[in-house]
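Biologist: Before I rely on the terms used for this protein, I should like to see how each of them is justified. Could you take me through the reasoning?

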Amino acid sequence: MAPRTTRPAGTRPVGTTTRGTTNPNRLRRMDRWIAAVHGPALRRSPAPPVAVDLGYGAAPWTAVELLARLRTADPRTEVVGIEIEPARVAAAQPYAREGLDFLHGGFEVPVAGEVALIRAANVLRQYDEDEVAAVWERLCGRLAPGGLLVEGTCDEIGRRHVWVALDRSGPRTVTFATRLGSLERPSDLAERLPKALIHRNVPGEPVHAFLRDFDRAWAAAAPYASLGARQRWIRAVRYLAADWPLTDGHRRWRQGEVTVRWEALAPAPTSAGR
């Protein structure tokens, strides 16, 4: 098992309590991407890699599922669910087992040593935009070399996700993922943009231009709709790749995903201090 809490007795966790909303399979799209993209880094770890489910909510489903999904990539993986609300940690204890533990904590991530992965889903939506950078920096400081922070937002049943992937140097990519059968247009994903981007979906901002171009590509790909939503999505992403620095390929697109470099969507410099 991963070591238990390293936070000194009597100190308070860093952060504030979230609403705790959770559902089984809510984070399956994010987990699937992590296992596929970050799996090689997990396997390269000389010691069993430790993954953190930060702010798992009122029930431990997402931590339980994260363990199962990451163990398809590396059977040695251990998961620690961390919650800032003590009652949620107590309620999760019956689900603890080999490779899965639950701790009271927050953004300090009270696990001994560096970790291979931190997943923070639907945690920062309640924070102010100007708080995000400091939280990112703090969490990235807990990563092992080659580690990954995945921070983002999804809807209540996991149909639509957007997340940022960061390493110890900062944000690297933004991924948009959706259940294709539920999508009217790609810009529907705007409501799930993470806190760092959701208020930037306005004219003049890169993320707004990206979603505008994605909608145009989706419209241009309309003839492929007769072959199914997946084929229309793949064609739209191919059009999009002509103008935007995508980092993935056909295998991920077939899953209803597309990943773009962070620097292409980062808030415009003139937005600082807005």
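Modeller: The exchange below sets computed values against their definitions, and the model is a predicted one.

Biologist: Why is helix 1 called oblique to helix 2?

Modeller: The axes of helix 1 (residues 28-44) and helix 2 (residues 61-70) cross at roughly 40 degrees and come within 9 Å. Angles under 35 degrees count as roughly parallel, and 65 to 115 as roughly perpendicular. The crossing angle falls in neither range, and therefore helix 1 is oblique to helix 2. The crossing is right-handed.

Biologist: Which residues of helix 1 and helix 2 meet, and what is their character?

Modeller: From helix 1, Arg 28, Asp 31, Ile 34, Ala 35 and Leu 42 take part; from helix 2, their partners are Glu 65, Leu 66, Arg 69 and Leu 70. In this contact five residues are nonpolar, four are charged and none is polar.

Biologist: What makes Thr 153 a buried residue?

Modeller: Thr 153 belongs to strand 5 (residues 143-154). Its relative accessible area is 3%. Buried means under 20%, so Thr 153 qualifies. Leaving out residues up to four places away in sequence, Thr 153 touches Asn 122, Arg 125, Arg 160, His 161, Val 162, Arg 192, Leu 193 and Pro 194.

Biologist: Asn 122 is among those contacts. Why is Asn 122 called partly exposed?

Modeller: The relative accessible area of Asn 122 is 21%. Buried requires a value under 20% and exposed one over 50%, so Asn 122 is placed in between, as partly exposed. Asn 122 sits in the loop between strand 4 (115-121) and helix 4. Its phi is near 60 degrees, a positive value in a residue other than glycine.

Biologist: Where does Asn 25 lie, and what is its phi?

Modeller: Asn 25 is in the segment before helix 1. Its phi is positive, at about 70 degrees, although Asn 25 is not a glycine. With 34% relative accessibility, Asn 25 lies between the limits of 20% and 50% and therefore counts as partly exposed.

Biologist: How do you know whether Leu 139 is buried or exposed?

Modeller: Leu 139, in helix 4 (residues 132-140), has a relative accessible area of 1%. That value is under the 20% limit, so Leu 139 is buried. Apart from neighbours within four places in sequence, Leu 139 is in contact with Leu 54, Phe 107, Val 109, Ile 118 and Leu 149. Gly 152 is 13 residues from Leu 139 along the chain, and their C-alpha atoms are separated by 14 Å.

Biologist: Why is Ala 47 counted as partly exposed?

Modeller: Ala 47 has 39% relative accessibility. Since exposed means over 50% and buried under 20%, Ala 47 is partly exposed. Ala 47 is located in the loop between helix 1 and strand 1 (50-54). From Ala 47 to Thr 77 the C-alpha distance is 9.2 Å, with their positions 30 residues apart in sequence.

Biologist: How do you know that the span of helix 6 is close to the expected one?

Modeller: Helix 6 (residues 206-220) has 15 residues and reaches 21 Å from its first C-alpha to its last. At 1.5 Å a residue, 21 Å is expected, so the span is close to that value. The buried residues of helix 6 include Phe 210, Leu 211, Phe 214 and Trp 218. Among the elements that the buried residues of helix 6 pack against are strand 7 (170-178), helix 7 (229-240) and strand 8 (257-261).

Conventions: Residues numbered from 1 in each chain as written. Predicted model: local features only at pLDDT ≥ 70, side-chain atom pairs only at ≥ 80, totals over all residues. Heavy atoms only, no water. Helix = DSSP H or I, 4+ residues; strand = E, 2+ residues; numbered from the N terminus. Buried < 20%, exposed > 50% of the residue type's maximum accessible area, 1.4 Å probe, protein only. Contact = heavy atoms within 4.5 Å. Axes fitted to C-alpha atoms, helices over the stretch in contact; angles between N-to-C directions. Parallel < 35°, antiparallel > 145°, perpendicular 65-115°, else oblique. Left-handed = near helix turned anticlockwise from the far one by under 90°. Nonpolar A, V, L, I, M, F, W, Y, C, P; charged D, E, K, R; others polar.
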